[in-house]
Structure formats: structure tokens, C-alpha cells
Amino acid sequence: FALSAVLSSFDENLIYLGVALPLALLSSIGCINIVRAALLVGDQYGTRSVLRIDAAATLIGALFGGVVQTTAYLGHATYKRMGARQTYTLVTGAVIVFLALGGGIGFAASAIPDAVLKSILIVVAADIVRVSFLSVESREAPSFLFALIPAVFALCYSKLEVLFNRAAAEISTLGG
């Protein structure tokens, strides 16, 4: 519990507001989108309640040294379609708490291959995009698609940059 550390470093952390405030806004918008996605699969949650719980969880996490915001359950619609219910969420939460308190998060992260984690993230991300298209009116779909273009370009750029950097490193070792 680090309340004294949070209060004593408040002045030093003011310089990070330019990053923290946009992230807070993004997290809040994300929560609203998740509530909307849950509505599409038949689950109705109060937006204000979700935002309040999210904010409270973030504050509690900060008091214990957390440096990132919490967020509502991003894959709600995907996991519901796959048959997951409250028990899945409770068991997952209990396992994470057990690993965190026992110092096993690092071990678990290293034991699970990246290919497994990335494939799960791709499935969830694809379903989030699917649900997003379902949640907008048809007249809004072109602007939604247009809004995705910068993210797709950034992803392609980052992957190509890694590829070209590796190729350049290989070429320099061959020629040197």
C-alpha cells in the first residue's frame, strides 16, 4: 500500500498529465464502447456504473503501485459467444490474483508461448472490430472504416520496420 508515495510524488507527476489525461479519456471511451458491445450480445450494464467501477479499480491499483488504468472486459462479446460465463471470469481473476500474490506472473508469462497469446489477441481483436461494425449504423460504417486506416498503417509500418531492420542487420553481417 503506497498512499504516502502517491501523495509525495504528486508534484513530480504533474508533467505526465499530457499523457495521462488522453489515456484516461481513451479508457473511458473504451468502457462506453464495451458497454455498447455487451448490449449487442444481450447484456445490459449501466454505463455510469461501469465507469465508476473502472475508476475505483484504477485508483485502488494506483495505491498499490499500479501504473496503468484498468478497463472493462474487452473481449466480453467474444468470450460470451465462445460460451464463457461468470465462472470463467471469476476463475480467471482468481488465478491472476493467486499468481500475482505468489510472484508467478513472470513465470506464467514466460511459460506461455508468444504464438498462443498473439493468436488469442488476434481472435479477440477481430471480434471487437466485428462487434464495432455491428454497433454502428450503416450510414456511419464508412467513417468507422476510415478511422481504422491509421491504426492499420501504423501496424504495417511497425512490422515492416522490424523486418527491414533484421534484413539490414543480416546484410551488414554478411558484408562485414
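Which residues form a nonpolar patch on the surface? In this predicted model, the patch is made up of F10, L14, L17 and L21, which together present about 400 Å² of accessible area. Of these residues, F10 is found in helix α2, spanning residues 10–13. The relative accessible area of F10 is 52%, and this residue is therefore classed as exposed, the cut-off being over 50%.

The packing of helices α8 and α9 was examined next. Two packed helices are described by the angle between their axes and by the distance that separates those axes. Helix α8 comprises residues 114–135 and helix α9 residues 141–175; their axes lie 9 Å apart and enclose an angle of about 150 degrees. Because angles over 145 degrees count as roughly antiparallel, α8 and α9 are assigned to that class. The crossing in which α8 passes α9 is right-handed.

Helix α8 also contains V129. This residue is partly exposed, its relative accessible area being 32%. Between V129 and G18, which are 111 residues apart along the chain, the C-alpha separation is 28 Å.

Salt bridges were then considered, and the structure holds three of them. In one, K80 is paired with D43, with a distance of 2.8 Å between the closest N and O atoms. K80 belongs to helix α5 (residues 76–81), whereas D43 is located in the loop between α3 (17–40) and α4 (47–63); the pair therefore ties together parts that are 37 residues apart in sequence. The two partners fall into separate accessibility classes: K80 is partly exposed, with a relative accessible area of 23%, while D43 is buried, at 17%. The boundary between these classes is 20%, which is why D43 counts as buried and K80 does not.

Another salt bridge joins the side chains of R130 and D127, with an N to O distance of 2.6 Å. Both residues lie in helix α8, and because they are three residues apart there, about one helical turn separates them. R130 is partly exposed, with a relative accessible area of 31%. D127, in contrast, has a relative accessibility of 5% and counts as buried. Helix α8 thus carries this salt bridge in addition to packing against α9.

The remaining salt bridge is formed by the side chains of E137 and R139, for which the N to O distance is 3.2 Å. E137 is partly exposed, at 44% relative accessibility. R139, at 65%, counts as exposed. Neither partner is therefore buried, as that class requires a relative accessible area under 20%.

A further position of interest is M82, located in the loop between α5 and α6, the latter helix covering residues 86–102. M82 is exposed, with a relative accessible area of 58%. Its C-alpha atom is separated by 28 Å from that of T58, the two residues being 24 positions apart along the chain.

Note on methods. Residues numbered from 1 in each chain as written. Predicted model: local features only at pLDDT ≥ 70, side-chain atom pairs only at ≥ 80, totals over all residues. Heavy atoms only, no water. Patch = residues over 30% accessible without salt bridge, like charges linked within 9 Å, V, L, I, M, F, W, Y side chains within 5 Å. Areas by Shrake-Rupley, 256 points an atom, 1.4 Å probe, with all protein chains shown as cover. Salt bridge = Lys/Arg side-chain N within 4 Å of Asp/Glu carboxyl O. Helix = DSSP H or I, 4+ residues; strand = E, 2+ residues; numbered from the N terminus. Buried < 20%, exposed > 50% of the residue type's maximum accessible area, 1.4 Å probe, protein only. Axes fitted to C-alpha atoms, helices over the stretch in contact; angles between N-to-C directions. Parallel < 35°, antiparallel > 145°, perpendicular 65-115°, else oblique. Left-handed = near helix turned anticlockwise from the far one by under 90°.
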